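Trainee: Could you take me through how a sheet and a surface patch are read from a model such as this one?

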Amino acid sequence: MVLVLAIVFFILVLVIAIYTVKIIPQQQVAVIERLGKYHRQLEAGIRIIIPFLDLVRERHDLRIRQLNVPPQKVITKDNAQVDINTVIFFQVTDPHLATYGIQNHVEGVKNISNATMRQIIGKLELDETLSGRDRISIEIRLALDEATEKWGVRINRVEIVDILPPVEIQEAMNKQMQADRERRAVILQAEAAKQDAILRAQGQKESQILQAEGEKEARIRQAEGLKAAQELEAEGEAKAIELVASAERNRIENLKQAGLDSQVLTYKSFEALEELAKGEANKVFIPTGAIDTLGSIGAMAEMLKASGKNSQP
C-alpha cells in the first residue's frame, strides 16, 4: 500500500513538473493564457508557470519563414489563362496579434496572396504579366503588408517563381522568339557584310591615295632631279664658255703683246673663215659693211708678200 502511494505521489510530482516547467527554444515565443484569458508571453529559456491555471495557447517562431504558394490559375485582362507560382517570405512580429488577430495567420497569408494576385493580374495583359514580375511582386507585397499589419505579421518579400501561359500560347511565343532570333541573325549578317564592304572600300581608297601620293612624290623627285641636272649642265656650259672666253682673251693679249694690230687680227680671222668655207657643205655669209675692211686686208696682204720677197737674197 505504501509502495502504491509512493508511485502515485511520484507520478503526480512528475505531472506537476511537466506542467510547471517550460523550455522555450531560441527565437520562439509561447503565448500563455490563465483561466482562458491572455496572461503573458514566455521568452527563450526555462520558464515556470502555474499548472492547471496557466496554459500554453500557441508557440510562434520569430524567424523569417518561407511559404510556397501552390500554382494558381489566373486570367489576364486579355482573357489569357496563366499559372503563377509564388513564394512568400514573412515573419511574426507580434505574437499576441498573430494568436488572437486571426485564427491561422499562415493560411491567411496564403489566401490573401492568391486574392491579391488575381486582382493584380486581372488588370494586366499577357505580355505585361510575362514581363512584369517585379511589378507584380511589389504590388502583392504592399497589399499583403496592409492586410497582415493587424495580424502581427510582416511580409518581407514576394517572389514570382514561374508564370506559365497555355501550351498554344507558349508554342506561338516560341515561334515568335525563333523568328526574332532569325531576324536578328539576318540583321547581324547584313551589318557584318556592310561593315566589311565599308572597310574594304576604305582600304582601297587609302591604297589609291597612297599610290597617288607615291606617284606624285616620284614625279616631284624626278622633276627635281631633272632640274638639278639641267642646272648642273648649264653651270658646266657656262664654265666652259668662260674658259673658252678666257683662253681667247689670253690669246688676244698674247697677240697684242707680240705687236700685231687690229687689222692683222682681222686678217687672221678671215683666214680662219676661208679655211672654214672650204668645206662643201659650209656657207659663209659676210655682211656688206665688212667689204671695205676686206679691201684693206687684201692690200695689207700684198704688202706682206712683197716685203717677204724683198727680204729674200
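**Reading the sheet and the patch**

Mentor: This is a predicted model, and in it three strands form an open sheet in the order β6-β7-β8, with antiparallel pairing.

Trainee: Which strands stand at the edges?

Mentor: β6 (65-75) and β8 (153-164) hold the edge positions, and because each has a single partner strand, one side of each is left without a neighbour in the sheet. From one strand to the next, the twist averages 25°.

Trainee: How should I read the pairing itself, and how many bridges join β6 to β7?

Mentor: In general, the strands of a sheet pair through backbone hydrogen bonds, in either a parallel or an antiparallel manner. Here β6 and β7 (residues 81-92) run antiparallel and are joined by nine bridges; for K73, the bridge partner in β7 is D83.

Trainee: Which helices pack on the sheet?

Mentor: Helix α3 (residues 105-121) packs there, touching β6, β7 and β8, and its direction makes about 35° with that of β6. Helix α5 (residues 133-148) also packs on the sheet, where it touches β7 and β8, with its direction at about 145° to that of β8.

Trainee: Turning to the surface, which residues make the nonpolar patch?

Mentor: The patch, of about 1,100 Å², is made by L3, I7, F10, I11, L12, L14, V15, I16, I18, Y19 and F52. One of these residues, L14, lies in helix α1 (residues 2-20).

Trainee: Why does L14 count as partly exposed?

Mentor: Partly exposed covers the range between buried, under 20% relative accessible area, and exposed, over 50%; L14 has 44% relative accessibility and therefore counts as partly exposed.

Terms used: Residues are numbered from 1 along each chain as its sequence is written. This is a predicted model: local features need pLDDT of at least 70, side-chain atom pairs count only at pLDDT 80 or more; totals for chains, interfaces and linings use all residues. Side-chain values use heavy atoms; hydrogens and water are left out. Two strands pair if DSSP finds at least two bridges between them. Helices (H or I, at least four residues) and strands (E, at least two) are DSSP runs, numbered from the N terminus. Axes are lines fitted to C-alpha atoms, for helices over the stretch in contact, and angles run from 0 to 180 degrees between N-to-C directions. Contact means heavy atoms within 4.5 Å. Patches are made of residues with over 30% relative accessible area and no salt bridge: like charges are joined within 9 Å, nonpolar side chains (Val, Leu, Ile, Met, Phe, Trp, Tyr) within 5 Å. Accessible areas come from the Shrake-Rupley method with a 1.4 Å probe; for residues, only the protein chains shown count as cover. A salt bridge is a side-chain nitrogen of Lys or Arg within 4 Å of a carboxyl oxygen of Asp or Glu. Buried means under 20% relative accessible area, exposed over 50%, partly exposed in between (1.4 Å probe, protein chains only).
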